[in-house]
Amino acid sequence: MSASHNAPVTSSEQGRVWSQVFRRSRISPHVFVVAGAAADEVDQVVAGLGLPQAITNSLFDNAHWATPLLDGAVTRLLTYGLPALPSGTRVYGHRPLRLLCHLMDLHPPTRALTGERHVPDIDQLLAHLDQQRQTEPEVLLVRARTAVANDAQEVTPAVGLATATPGELV
């Protein structure tokens, strides 16, 4: 991969802080909700990473999209009816959140967040992203399908991805 492929992919609004785009979820300290106004930007950044995406969508049911990212995932949910979770885009995991902050040129949290063991080095996150890009797409799709959540009970297994150690990234 070229170095430019890991450079920040957005250049709008220099100086934004992470909390303008992401907020902590009430579901878990490992889940972050993307602000509605920033959802398209996050989706565009994630799509540009070249990682596979799992999609479930059927008539009269919720639509789910999930992309594995490092030891977590980025998911989108479009609900119909009365879901346990509202529609929206979510980031599962601290490391994916920090990587997205870098790629979107956001000021990340300066210290470890609740549930985060330590603040990772951005070069390490980029190296793990490059490793993930080299993983077989079928393996990544299994992880993406695990992250597709349609109610609060299914969020817990997906968040388990966020607690994997760096050796469990693939």
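This is a short dialogue on how to read a predicted model of one protein chain.

Reader: Where do I start? How many helices and strands are there in the protein chain?

Author: There are 5 helices and 6 strands. Going from the N terminus, the order is β-β-α-β-β-β-β-α-α-α-α. Keep in mind that you're looking at a predicted model.

Reader: And how much of the protein chain is made up of buried residues?

Author: Buried residues account for 49% of the 170 residues. There's also a number for how the chain folds back on itself: take the contacts with a separation of 6 or more, and 60% of them are between residues 24 or more positions apart.

Reader: Let's try a helix. What should I know about helices in general?

Author: An α-helix has 3.6 residues a turn, so residues three or four places apart point the same way. Now look at helix α1, residues 39-47. Its buried residues are Ala39, Glu41, Val42, Asp43, Val45 and Val46.

Reader: Which elements do the buried residues of α1 pack against?

Author: They pack against the strands β1, β2, β4, β5 and β6, and also against helix α2.

Reader: Is α2 buried or exposed, taken as a whole?

Author: In α2, 9 of the 10 residues are buried, so this helix is largely enclosed by the rest of the structure. The buried ones are His94, Arg95, Pro96, Leu97, Arg98, Leu99, Leu100, Cys101 and Leu103.

Reader: What happens in the backbone just after α2?

Author: Just after α2 comes Asp105, with a positive phi of about 55°. Asp105 belongs to the loop between α2 and α3. Its relative accessible area is 28%, so Asp105 counts as partly exposed.

Reader: Which residue in the loop between β4 and β5 should I look at next?

Author: Try Leu70, which is found in that loop. Leu70 isn't a glycine, yet its phi is positive, about 55°. Leu70 has a relative accessible area of 1%, so it is buried.

Reader: Now for aromatic rings. How do I describe two of them together?

Author: A pair of aromatic rings is described by the distance of the centres and the angle of the planes. Here the count comes to 1 aromatic pair. The ring centres of Trp18 and Phe32 are 6.3 Å apart and the planes meet at 80°, so the pair is edge-to-face. The pair links distant parts of the chain: Trp18 sits in the segment before β1, Phe32 in strand β2, and they are 14 residues apart.

Reader: Are Trp18 and Phe32 buried or exposed?

Author: The cut-off for buried is under 20% relative accessible area. Trp18 comes in at 12%, so it is buried. Phe32 is at 0%, so it counts as buried too.

Reader: What sits over the ring of Trp65?

Author: That's the charged end of Arg76, which is 4.3 Å from the centre of the Trp65 ring.

Reader: How would I follow a link between residues that are distant along the chain?

Author: Pick two residues and check where each one lies and what it touches. Leu141 is in helix α4, residues 137-147, while Thr67 lies in strand β4. These two are 74 residues apart along the chain, but their C-alpha atoms are separated by 7.8 Å.

Reader: Which residues do Leu141 and Thr67 touch, leaving aside those up to four places away in sequence?

Author: Leu141 touches Pro52, Gln53 and Ala54. Thr67 is in contact with Val46, Leu51, Pro52, Gln53, Ala73 and Val74. So Pro52 and Gln53 turn up in both lists. With a relative accessible area of 4%, Thr67 is buried.

Reader: Last topic: how do people find pockets?

Author: Rolling a probe the size of a water molecule over the atoms shows where empty space is left. In this model, the second largest pocket has a volume of about 230 Å³. It is lined by 15 residues, and the closest to its centre are Arg23, Ser25, Val33, Pro86 and Arg90.

Reader: Which element gives the most to the lining of the second largest pocket?

Author: That's β6, with 3 residues. Both β2 and β6 supply at least two residues each.

Reader: How many nonpolar, polar and charged residues are in that lining?

Author: The lining of the second largest pocket has 7 nonpolar, 5 polar and 3 charged residues.

Definitions and conventions
Residues are numbered from 1 along each chain as its sequence is written. This is a predicted model: local features need pLDDT of at least 70, side-chain atom pairs count only at pLDDT 80 or more; totals for chains, interfaces and linings use all residues. Side-chain values use heavy atoms; hydrogens and water are left out. On a 1 Å grid over the protein atoms alone, a cavity is a set of points where a 1.4 Å probe fits but cannot get out, and a pocket is an open set with protein on both sides within 12 Å along at least five of seven lines; lining residues have an atom within 4 Å of a point. Grid points are joined across faces, edges and corners, and a volume is the space filled by probe spheres set on the points. Helices (H or I, at least four residues) and strands (E, at least two) are DSSP runs, numbered from the N terminus. Ala, Val, Leu, Ile, Met, Phe, Trp, Tyr, Cys and Pro count as nonpolar, Asp, Glu, Lys and Arg as charged, and the others, Gly among them, as polar. Rings of Phe, Tyr and Trp (its six-membered ring) pair if their centres lie within 6.5 Å; planes under 30 degrees apart count as stacked, over 60 as edge-to-face and the rest as tilted. Buried means under 20% relative accessible area, exposed over 50%, partly exposed in between (1.4 Å probe, protein chains only). A charge sits over a ring if NZ of Lys or CZ of Arg is within 6 Å of the ring centre and within 35 degrees of the ring normal. Contact means heavy atoms within 4.5 Å.
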